[in-house]
Amino acid sequence: MIRSVVHMISTSDRRRTAPLLRIDLEAVAANTRLIRTRTTGSLMAVVKADGFGHGASSVACTAMVHGASSLGVTSIQEAVALRTTGIVAPILSWLNPVDADFASALTQDIAVAVPSVDHLQAVARTAAEVGTRAIVHLQADTGMARDGASSVDWLRLSVMARDAQNQGLISVVGLMGHLGSADTPLDPANAAARRMFQQFTRVVRGVGLRPTTRHLAATAATLTDPRSHYEMSRVGIGLVGVDPSGAARLRPAMTLTAPVVSTRDVPAGTPVGYRGAYTTSRATTLALLPIGYADGVPRTASGRAEILLNGSRRPIAGLVSMDQTIVDVGHDAVQPGDVATVMGPGDLGEPTVIEWADWAGTIAHEVMTGLGDRIPREILPARQLSAAERHDRRHDERLRRLA
Ligand SMILES: *Cc1c(COP(=O)(O)O)cnc(C)c1O
């Protein structure tokens, strides 16, 4: 007896045999413009982790054209990679070991965050060797016990920074903190962090330093809490369309699709995938997608996740495999070569990255940055600004400077 009937995709139709991650830079442009209107401070576009999986240089260039005035990344290597693509905008790198390649940062005009006395000494020593002044943002821990200087060290760090500045080795241009609970705006930890940041500012000013750019807010606080804005916001995930606080309507910039490789008609009671974690409750058709957890489809979303295929949401059947995912499509006509939308902005009913994050018990940041290099990417450019829009933007910038 034939237990199941299998239909395979034709191998001649190569166009439809691979998953695709489409990046919509017009969405990045629109998000940047919207976020820019929410603060009187300037905007640093955070493009670490390859622009949250969207391509660091594409997101960086788009954000710079549409309202950002500088770029932020974690490591000096990420900053150097941006320089290598020809980007000349100001860049800040904020997480480096004490023995990092500060010489590259200095020679390529990359500002560095300084979270400790040891870092300060390393940066100052490198500046003396290279013969350039390092551009420095002093970084305070404002309540996360993570990556800035603890309050017990603020005074010593400030004094040493002032001395290094007086020796012409560094310029302290910025102060930086970070909010650990900004996605829940009413959490008292936010007010506590702001108070710590104020205190840090007083300590730094108390020794005579006058940094002009203080920055504490990332996406969520930029959109929900003007008290955290200061002179600049560091915005990452908002640019690519997710507001962790849920307060703003941003447009997700990525759409992940995968073609159906094969379909299989199976009877009721068929165990599906590893461990038979799913059993068909009726005769149905299963569709196979060539994408799995190695590509970043979270295995922990198995049992809850859905995809959009031919206009309907369909449940993922059983456990997501490393390279494959099975979908239960019922009796609807689904052919090999039909294209499933795994996640996207939600326009046509496809799941969003936020739904995937909920299904997987994580946050959108992790889902986005987990999408693997194996998936080919297609970049849709942003619309060019018209001459009138460029004029309006310059006018707008002048008004902001006067404000
Ligand atoms: C990642 C990061 C940001 C950006 O955060 P989003 O929530 O993605 O906007 C800002 N500041 C620091 C220090 C970061 O590490």
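How does the lining of the largest cavity divide by class into nonpolar, polar and charged residues? This is a predicted model. In it, that lining has two nonpolar, six polar and three charged residues.

The cavity itself comes next. The structure holds one cavity of 30 Å³ or more. The space in the largest cavity is about 50 Å³. Its lining includes the run Gln139, Ala140, Asp141, Thr142, Gly143 and Met144. Arg146, Asp147 and Gly148 also line this cavity, as do Gly177 and His178.

His178 leads on to the ligand, since His178 is also one of the residues around the ligand. Also in this shell are Lys48, Phe52, Trp94 and Met176. Ala218 and Thr219 belong to the shell too. So do Arg234, Val235, Gly236 and Ile237, along with His365. By class, the shell has six nonpolar, four polar and two charged residues. Two elements, α2 (48–53) and β10 (232–235), each supply at least two residues of the shell.

Now the polar atoms. A polar side-chain atom of Lys48 lies 2.7 Å from an oxygen atom of the ligand. For Thr219, a side-chain N or O atom is 2.5 Å from a ligand oxygen atom. Ile237 takes part through its backbone: an N or O atom there lies 2.8 Å from an oxygen atom of the ligand. Taken alone, the ligand exposes 390 Å². The protein buries 91% of that area.

Where does the ligand sit? It sits in the largest pocket. About 850 Å³ of space lies in this pocket. The pocket is lined by 39 residues. Closest to its centre are His178, Ala218, Ile237, Pro244 and His365. The elements that each supply at least two lining residues are α2, α9 (219–224), β10, α10 (353–360) and α11 (364–370). By class, the lining divides into 21 nonpolar, eleven polar and seven charged residues.

One further pocket remains to be described. The second largest pocket has a volume of about 270 Å³. Of its 15 lining residues, Ser70, Pro90, His137, Thr213 and Met232 are the closest to the centre. Strands β3 (42–46), β5 (91–93) and β7 (134–139) each give two or more residues to this lining. Its residues divide into eight nonpolar, five polar and two charged.

Conventions:
Residues numbered from 1 in each chain as written. Predicted model: local features only at pLDDT ≥ 70, side-chain atom pairs only at ≥ 80, totals over all residues. Heavy atoms only, no water. Near = heavy atom within 4 Å. Polar contact = N/O pair within 3.5 Å; in protein donor to acceptor, adjacent residues only side chain to side chain. Areas by Shrake-Rupley, 256 points an atom, 1.4 Å probe, with all protein chains shown as cover. 1 Å grid on protein atoms, 1.4 Å probe; cavity = no way out; pocket = protein on both sides within 12 Å on 5 of 7 lines; lining within 4 Å. Sits in = over half its atoms within 2 Å of the grid points. Helix = DSSP H or I, 4+ residues; strand = E, 2+ residues; numbered from the N terminus. Nonpolar A, V, L, I, M, F, W, Y, C, P; charged D, E, K, R; others polar. Points joined across faces, edges and corners; volume = space filled by probe spheres on them.
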